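Here's a quick tour of a protein model, picking out some spots to look for as you turn the structure around. Keep the viewer open and find each residue as you go.

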Amino acid sequence: MSTRIAFLKGHGTENDFVIVPDPENAIDLSPAAVAALCDRRAGIGGDGLLHVVRSAAHPEARDMAAEAEWFMDYRNGDGSIAEMCGNGTRVFARYLQRAGYVAEGDFAIATRGGVKAMHIAKDGDVTTGMGRARLPEGDVTVSIGGRSWPARNVNMGNPHAVAFVDDLAHAGGLHSPPPFSPAAAYPDGVNVEFVVDRGPGHVAMRVYERGAGETRSCGTGACAVAVAAARRDGADPAVTGTHVTYTVDVPGGTLVITERPDGQIEMTGPAVIVAEGEIDAEWLENAIR
């Protein structure tokens, strides 16, 4: 490991990430190293880490290299591996643009959730093709304190439980994973969204992300919320042939989610790089001992 490791810091609607460019996959980022870097007091701080690797250089992405040159090797803030991170894709795209690897317009990136179509608009907003939602059958319930709510099971490449509530304050402090049942619905844990209505086609949410805790935003969560809200409101683009768009307010800003008749979901929002620098490798080695 070199004595200095380049990093950047970025966020998408205040869902923030440590970015580690590593085109040839030469840096060993163990779970402990990721957790140390994402530590908000002793490290750089972030909800997660974006490891930027050429698809051809990563064993999990080589079969996607023909479609997408770059692989988003995403890690949660606790060091665990996640399938996808919607806000992370936008920040990842912004980094690629900043580094000169892509320009405005269309391109693709590889993720553990598959290849994602990206678009950087002239106004700077980034759109991610999030794929199709899956709606597993079965009733799910989430609980906080003495309250319980039915939740919609939505899978966006990662699992979500979407609960519509009367007041976002009812979600409490969200300091620990909200209990859910049945346990078999989410054997590997779940992201839980609490949602209130703001108006026609307009909702607001709070989210507990597995492996990260409550975050200021969650892209896949916003997509799951839009799909759950559409179905609750009796809208299914596959049936009507008309796309459905929801504005989703998150604590860190606003995302616009569109579901098309073919089931494809697009998420549009901002992405910002706020800083860059170097990680001291000696510090990192000491931090994970």
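**Arg232 and its ring**

Let's begin with a charge and a ring: Arg232 lies over the face of Phe164, 4.4 Å from the ring centre. Keep in mind that this is a predicted model. After this pair, we'll visit a strand and its partners, some aromatic rings, the cysteines, a helix and two buried residues.

- You'll find Arg232 in helix 3, which covers residues 219-232.
- Is Arg232 buried, exposed or partly exposed? Arg232 counts as partly exposed, because its relative accessibility is 38%.
- Along the sequence, Arg232 and Phe164 are 68 residues apart, yet from C-alpha to C-alpha they are 9.7 Å apart in space.
- If you skip neighbours within four places in sequence, Arg232 is in contact with Phe164 and Asp197.

**Strand 8 and its partners**

- Strand 8 runs over residues 140-144 and is mostly covered, with four of its five residues buried.
- Which way do strand 8 and strand 9 pair? They are antiparallel, with five bridges between strand 8 and strand 9 (residues 147-155).
- To see one of these matches, look at Val140, whose bridge partner in strand 9 is Ala151.
- The two strands make a hairpin, with two residues between them. Gly145 sits in that turn and has a positive phi of about 60°.
- Strand 8 also pairs with strand 11 (residues 180-181), again in the antiparallel sense, over two bridges.
- Over on that side, Thr141 stands opposite Ser181 of strand 11.
- Here's a handy rule for looking at strands: in a regular strand, side chains alternate between the two faces of the sheet.

**Aromatic rings**

- How many aromatic pairs are there? The count comes to five.
- One aromatic pair is Trp149 with Phe194, which is edge-to-face: the centres are 5.6 Å apart and the planes are at 75°.
- Trp149 belongs to strand 9 and Phe194 to strand 12 (residues 191-199), so this pair ties together parts that are 45 residues apart in sequence.
- Both Trp149 and Phe194 are buried.
- Phe180 and Tyr186 form an edge-to-face pair as well, at 5.2 Å centre to centre and 85° between the planes.
- In that pair, Phe180 is partly exposed at 26% relative accessible area, whereas Tyr186 is buried at 4%.
- Elsewhere, Trp70, Tyr95 and Tyr101 are linked into a cluster by ring pairs.

**Cysteines**

- As a reminder, a disulfide is a covalent bond between the sulfur atoms of two cysteines.
- How many disulfides turn up in the whole structure? The search finds zero.
- Cys38 is in no disulfide, and its nearest cysteine sulfur, in Cys85, is 11 Å away.
- Cys38 is buried, with a relative accessible area of 5%.
- Why is there no bond between Cys218 and Cys85? Their sulfurs are 6.7 Å apart, and that is too far for a bond.
- Cys218 is buried too, with a relative accessible area of 2%.

**Helix 1**

- Which residues of helix 1 (residues 31-38) are buried? They are Ala33, Val34, Ala36, Leu37 and Cys38.
- These buried residues pack against strand 2 (15-21), strand 3 (48-54), strand 4 (70-76), strand 18 (272-280) and helix 5 (281-287).
- When you look down a helix, remember that an α-helix has 3.6 residues a turn, so residues three or four places apart point the same way.

**Two buried residues to find**

- Thr258 is part of strand 16, residues 253-259.
- With a relative accessible area of 11%, Thr258 is buried.
- A polar contact of 2.8 Å joins the side chain of Thr258 to that of Thr245.
- Not counting residues up to four places away in sequence, Thr258 touches His243, Val244, Thr245, Gln264, Ile265 and Glu266.
- Where is His58? Look in the loop between strand 3 and strand 4.
- His58 has a relative accessible area of 7%, so it is buried.
- Apart from neighbours within four places in sequence, His58 is in contact with Asn25, Val53, Phe71, Asp73 and Arg112.

Terms used: Residues are numbered from 1 along each chain as its sequence is written. This is a predicted model: local features need pLDDT of at least 70, side-chain atom pairs count only at pLDDT 80 or more; totals for chains, interfaces and linings use all residues. Side-chain values use heavy atoms; hydrogens and water are left out. Buried means under 20% relative accessible area, exposed over 50%, partly exposed in between (1.4 Å probe, protein chains only). Two strands pair if DSSP finds at least two bridges between them. A disulfide is a pair of cysteine sulfur atoms within 2.5 Å. A polar contact is a pair of N or O atoms within 3.5 Å; within protein, one must be able to donate a hydrogen and the other to accept it, and residues adjacent in sequence count only if both atoms are side-chain atoms. Contact means heavy atoms within 4.5 Å. Rings of Phe, Tyr and Trp (its six-membered ring) pair if their centres lie within 6.5 Å; planes under 30 degrees apart count as stacked, over 60 as edge-to-face and the rest as tilted. A charge sits over a ring if NZ of Lys or CZ of Arg is within 6 Å of the ring centre and within 35 degrees of the ring normal.
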